[in-house]
Amino acid sequence: MEEEEICRDLPLLLSSFVDTFVDFSVAGLFLPQSSNPNPNSLPTRLPAPDRLIAVGDLHGDLQKTKEALRLAGLIDASDRWAGGTATVVQIGDVLDRGGDELKILYFLEKLKREAEKSGGTIITLNGNHEVMNVEGDFRYVTEEGLDEFRVWADWYCIGNSMKSLCDGLEKPKDPFFGIPFKFLGVEEELYHSIRCRIAALRPEGPISVRFLSKNQTVLVVGDSVFVHGGLLANHVFYGLERINEEVRDWINGSRGRFSPDYLRGRHSMVWLRKFSRELAQNCDCSALEHVLATIPGAKRMIMGHTIQATGINGACGNRAIRIDVGMSKGCINGLPEVLEINGNSELRVLTSNPSYRNEPLAAERKEGLGLLLPEPRPPPVQVKV
């Protein structure tokens, strides 16, 4: 009787303890308490901060993620937030091509909470690889990535079993409900890992809801527009706030299995390469000017998605800034670089490339070669479910 009373009186404490236990078992870190009571309320438009840092595609490489953040002085030697009141925008594509996908999601969430306490802000965007994974398209998943989600599912189910022992807690949902046990064209030993990844990342999946639903899909900070692939005029006319809300609803499970049309196809916001062509002079600058003119105060569009082997560079008179340097070892193992904007000053590339200093965007980069490379594929664990 006494045990039942304790369990009934402390269900939330028990649930919090179990969640912390699972988090540490999966990611090896403790998430600090968030000071934001409504993390999904982030606006689509923010005023210009004193210091703004843009980080490109990370693709499952935690080491390169930390190197990029250290370039800008955003984390210290103990991997704690050291960026003060800076605003950081990560352009999407945390998932695929590497084996540290969950570790990066947890690490960025930890930094978000630490930054809040210092007046800083970290905003993460959805890339095409986030969209693909929520839809169950695992073409670019590595075996290490599958194994990471298998480990997560094992601990998550242990946590659910612990919670189910307490009568004061609602019985946890089965994360595998409705997921098939077999997949055509897939080796049998991978069945369980694929089921785990689907369970975590499908609409209303625990990882999707906890992490990806907090992402924006498009963001305006001061006079800079951030989007993974690129914006077209029809996207702006549809409504940037509306897009963010609808994508969040889809990830949270209230809009069906498949993503909205504006996230699908080569002219979508997360797949577009119109402003990231191989040669900067081949970019569609007139279309870019038209789009920026429809967004009050916008001077530039900052994008990832297309690997720039020469490093961060600009096109169309620096109205298009391309920041995906392929830093992940699952891409081209590029040297980490980040973009810095201090107030209204000139753009500056912070780089680990010894050929450049951390100076304003160099003349040879402003209208330089931004290589459009074919997407390198990991060892074949390629399946769409």
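This section describes an open sheet, a cavity and a buried arginine in a predicted model.

The sheet consists of 5 strands in the order E4-E3-E2-E10-E11, and the pairing within this open arrangement is mixed. Its edges are formed by strand E4 (121-124) and by E11, each of which pairs on one side only. From one strand to the next, the twist averages 20°.

Within the sheet, E2 and E3 are parallel and are paired over 4 bridges. Ile53 lies opposite Val88 of E3 in this pairing. Strand E2 (residues 51-55) is also joined to E10, here in the antiparallel sense and by 5 bridges. Arg51 faces Asn342 of E10 across the pair. E10 in turn runs antiparallel to strand E11 (residues 348-351), with 4 bridges between the two. Glu337 has Thr351 of E11 as its bridge partner. Strand E10 (residues 337-342) is mostly covered, with 5 of its 6 residues buried.

The structure contains 5 cavities of 30 Å³ or more. For the second largest of these cavities, the computed volume is about 60 Å³. Its lining includes Val55, Leu58, Thr65, Leu69, Leu74 and Ile75, together with Trp81, Val88, Gln90, Leu108, Leu111 and Ile122. At least two lining residues come from each of helix H3 (62-71), strand E3 (87-90) and helix H4 (101-118). Val88 thus appears in two settings: it lines the second largest cavity, and it stands opposite Ile53 in the sheet. In terms of residue class, the lining of the second largest cavity comprises 10 nonpolar and 2 polar residues, with no charged residue.

Helix H4, which contributes to the lining of the second largest cavity, also contains Arg113. The relative accessibility of Arg113 is 13%, and because buried means under 20%, Arg113 counts as buried. When neighbours within four places in sequence are left aside, Arg113 is in contact with Leu31, Pro32, Gln33 and Ser34, and also with Lys214.

Key: Residues are numbered from 1 along each chain as its sequence is written. This is a predicted model: local features need pLDDT of at least 70, side-chain atom pairs count only at pLDDT 80 or more; totals for chains, interfaces and linings use all residues. Side-chain values use heavy atoms; hydrogens and water are left out. On a 1 Å grid over the protein atoms alone, a cavity is a set of points where a 1.4 Å probe fits but cannot get out, and a pocket is an open set with protein on both sides within 12 Å along at least five of seven lines; lining residues have an atom within 4 Å of a point. Grid points are joined across faces, edges and corners, and a volume is the space filled by probe spheres set on the points. Ala, Val, Leu, Ile, Met, Phe, Trp, Tyr, Cys and Pro count as nonpolar, Asp, Glu, Lys and Arg as charged, and the others, Gly among them, as polar. Buried means under 20% relative accessible area, exposed over 50%, partly exposed in between (1.4 Å probe, protein chains only). Two strands pair if DSSP finds at least two bridges between them. Axes are lines fitted to C-alpha atoms, for helices over the stretch in contact, and angles run from 0 to 180 degrees between N-to-C directions. Contact means heavy atoms within 4.5 Å.
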